[in-house]
Amino acid sequence: MKCRHCGTPLTLMFLDLGCAPPSNAYLHAADLERPELCYPLKIMVCNRCWLVQTEDHARADELFCPDYAYFSSTSTSWLAHAARYSEDMIVRLGLTADSFVIEVASNDGYLLRNFVAAGIPCLGIEPTVSTAATAEKLGIPVLREFFGEQLGRQLAAQGRQADLIAGNNVYAHVPDINDFTRGLQAALKPGGTITLEFPHLMQLLEHTQFDTVYHEHFSYLSLYSVNRVFQAANLRILHVEQLSTHGGSLRVFGCHADEPRLATQAVADLLAEEARRGLQAIAVYQEFQERANRVKDDLLGFLIEQKRTGKKVAAYGAAAKGNTLLNYAGVKPDLLPFVCDAAKIKQGKFMPGSRIPILPPSALTTYEPDYVIILPWNIAAEVRNQLAGLTGRGTRFVTAVPRLEIA
Ligand SMILES: [Zn+2]
């Protein structure tokens, strides 16, 4: 396999999580009688451009699961994040009714609704039919397509280049990152600004977030690697902000390579910090598997001990992270009888691979577990608050990443 950015043959393994089904392939009861499709889940790192990337096995369209779509607007904290971003960008870039904003992967309109409210023309690009329809009901025009160079050029030819192109949690999920970036360049007006948000590889390394690895997540991005991808597409990084979302994300600001705006000090500072932490050297990648294995072993040890001593354990949060962790650890319903999730669409189904049933959160009240494992550790505080009623009955909360912690 060759690097998706620079074409160098990939020889350096970063992480091997064995074989796993696509993380959003939730099972119906009838599916339990059938075999499941599993793909190797291996992450390689390019020792030339240091892009960390999944090995090519499954194709994106195979991974897309038609009866499940994530609606961004279900998270109130994410809606608030999007509203703050929109206000900030309108002021910072001086956007008016004469401006044009494009969001790639506009989902259900959680972000662009703010630009519609401010009277700024916008366009969403979103291939998922159900979320696109929801956005259109909010008055947001949506192109139901995958974004890439061809679509970027088409928009430019129609005179629809944007003053602002936003992409939240899409860049890491794009199979062809070069093509996508060339599309951004083509669709960007001269003097326009691109912002992309994605989980930061430096945080993944620092906090052993190996459970954020799944097939649909093609790239694990540093500022260094994004800088290289931008440069190859005639773009340049202007500014970068570190965000707390998704366990530590970057918001990268980009522009055309040939425009006069100067890059901020934050860009040079973060590039230097990544270098200091060894992101452009082999060692940090070679030791990661061992760290991931320690997290996995500790979780498994904890679950086995609870089973032997007759304690009751359940989990909360049937999201992708949980699937990666449980499948790598080989946890099955004998060790973890159920996972609760507030999303009705998941309730009554089963976790892919582990086949652990997904129940509504009310199941915790009747079960009265000794321990609840919070699988999405990035929202652990929020979940503990929601489930505060359980602590009065002696329930304790557990997170497994970056290390096993019992609160
Ligand atoms: Zn490369």
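## Close-up views of a predicted protein model

**Figure 1. Helix α6 and its buried residues.** Ile-177, Asn-178, Phe-180, Thr-181, Gly-183, Leu-184, Ala-186 and Ala-187 are the buried residues of α6. Please keep in mind, here and in every view below, that this is a predicted model. How many of the eleven residues of α6 are buried? Eight of them are, so the helix is largely enclosed by the rest of the structure.

**Figure 2. Helix α5 beside helix α6.** Here α6 (residues 177-187) is shown again, now with a partner, helix α5 (residues 149-157). Two packed helices are described by the angle between their axes and the distance between the axes. For this pair the angle is about 5 degrees and the axes are 7 Å apart. An angle under 35 degrees counts as roughly parallel, and that makes α5 roughly parallel to α6. Which residues make the contact? From α5 come Glu-149, Gly-152, Arg-153, Leu-155 and Ala-156, and from α6 come Asp-179, Arg-182, Gly-183, Ala-186 and Ala-187. Sorted by class, the residues of this contact are four nonpolar, two polar and four charged. You may recognise Gly-183, Ala-186 and Ala-187 from Figure 1, where they were listed among the buried residues of α6.

**Figure 3. Helix α11 crossing helix α12.** Helix α11 covers residues 288-308 and helix α12 covers residues 320-329. Their axes come within 10 Å and cross at roughly 80 degrees, which makes α11 roughly perpendicular to α12. On the α11 side, look for Gln-289, Asn-293, Lys-296, Leu-299 and Leu-300. They meet Leu-325, Tyr-328 and Ala-329 in α12. The contact of α11 with α12 divides into five nonpolar residues, two polar and one charged.

**Figure 4. Helix α8 and helix α9.** The axes of α8 and helix α9 (residues 265-276) cross at roughly 120 degrees and come within 9 Å. Is α8 parallel or oblique to α9? With this crossing angle, α8 is oblique to α9. Leu-223, Tyr-224 and Asn-227 are the α8 residues to find, and they meet Val-267, Leu-270, Leu-271 and Glu-274 in α9. By class, this contact of α8 with α9 has five nonpolar, one polar and one charged residues.

**Figure 5. Ser-106 and the residues it touches.** Ser-106 sits in the loop between strand β4 (101-104) and helix α3 (112-117). Is Ser-106 buried or exposed? Buried means under 20% relative accessible area, so Ser-106, with 1% relative accessibility, counts as buried. Leaving aside residues up to four places away in sequence, Ser-106 touches Leu-112, Gly-124, Ile-125, Glu-126 and Val-142.

**Figure 6. Backbone details in three loops.** Most residues other than glycine have a negative phi, and most peptide bonds are trans. Asn-234 has a positive phi of about 65 degrees although it is not a glycine. You will find Asn-234 in the loop between α8 (223-232) and β10 (235-243). His-246 also is not a glycine, and its phi is positive too, at about 55 degrees. Its place is the loop between β10 and β11 (249-256). With a relative accessible area of 32%, His-246 is partly exposed. Where is the cis peptide bond of this view? It runs from Val-401 to Pro-402, with omega near 5 degrees. Pro-402 belongs to the loop between β16 (396-399) and β17 (405-406).

**Figure 7. Ser-362 and Asn-234.** Ser-362 is part of helix α13 (residues 362-367). At 49% relative accessibility, Ser-362 counts as partly exposed. Asn-234, seen in Figure 6, has its place in the loop between α8 and β10. How many Å separate the C-alpha atoms of Ser-362 and Asn-234? The answer is 53 Å, for two residues that are 128 residues apart along the chain.

**Figure 8. Stepping back to the whole chain.** The protein chain has 15 helices and 17 strands. Its radius of gyration is 22 Å, close to the 22 Å that the globule rule gives for 407 residues, so the chain is as compact as a globular protein of that length. The C-alpha trace spans about 65 × 50 × 40 Å along its principal axes. Of the 407 residues, 54% count as buried. Carbon and sulfur atoms hold 53% of the accessible surface, which comes to about 17,100 Å².

Notes: Residues numbered from 1 in each chain as written. Predicted model: local features only at pLDDT ≥ 70, side-chain atom pairs only at ≥ 80, totals over all residues. Heavy atoms only, no water. Axes fitted to C-alpha atoms, helices over the stretch in contact; angles between N-to-C directions. Helix = DSSP H or I, 4+ residues; strand = E, 2+ residues; numbered from the N terminus. Parallel < 35°, antiparallel > 145°, perpendicular 65-115°, else oblique. Contact = heavy atoms within 4.5 Å. Nonpolar A, V, L, I, M, F, W, Y, C, P; charged D, E, K, R; others polar. Rg over C-alpha atoms; globule rule 2.2 N^0.38 Å. Buried < 20%, exposed > 50% of the residue type's maximum accessible area, 1.4 Å probe, protein only. Areas by Shrake-Rupley, 256 points an atom, 1.4 Å probe, with all protein chains shown as cover.
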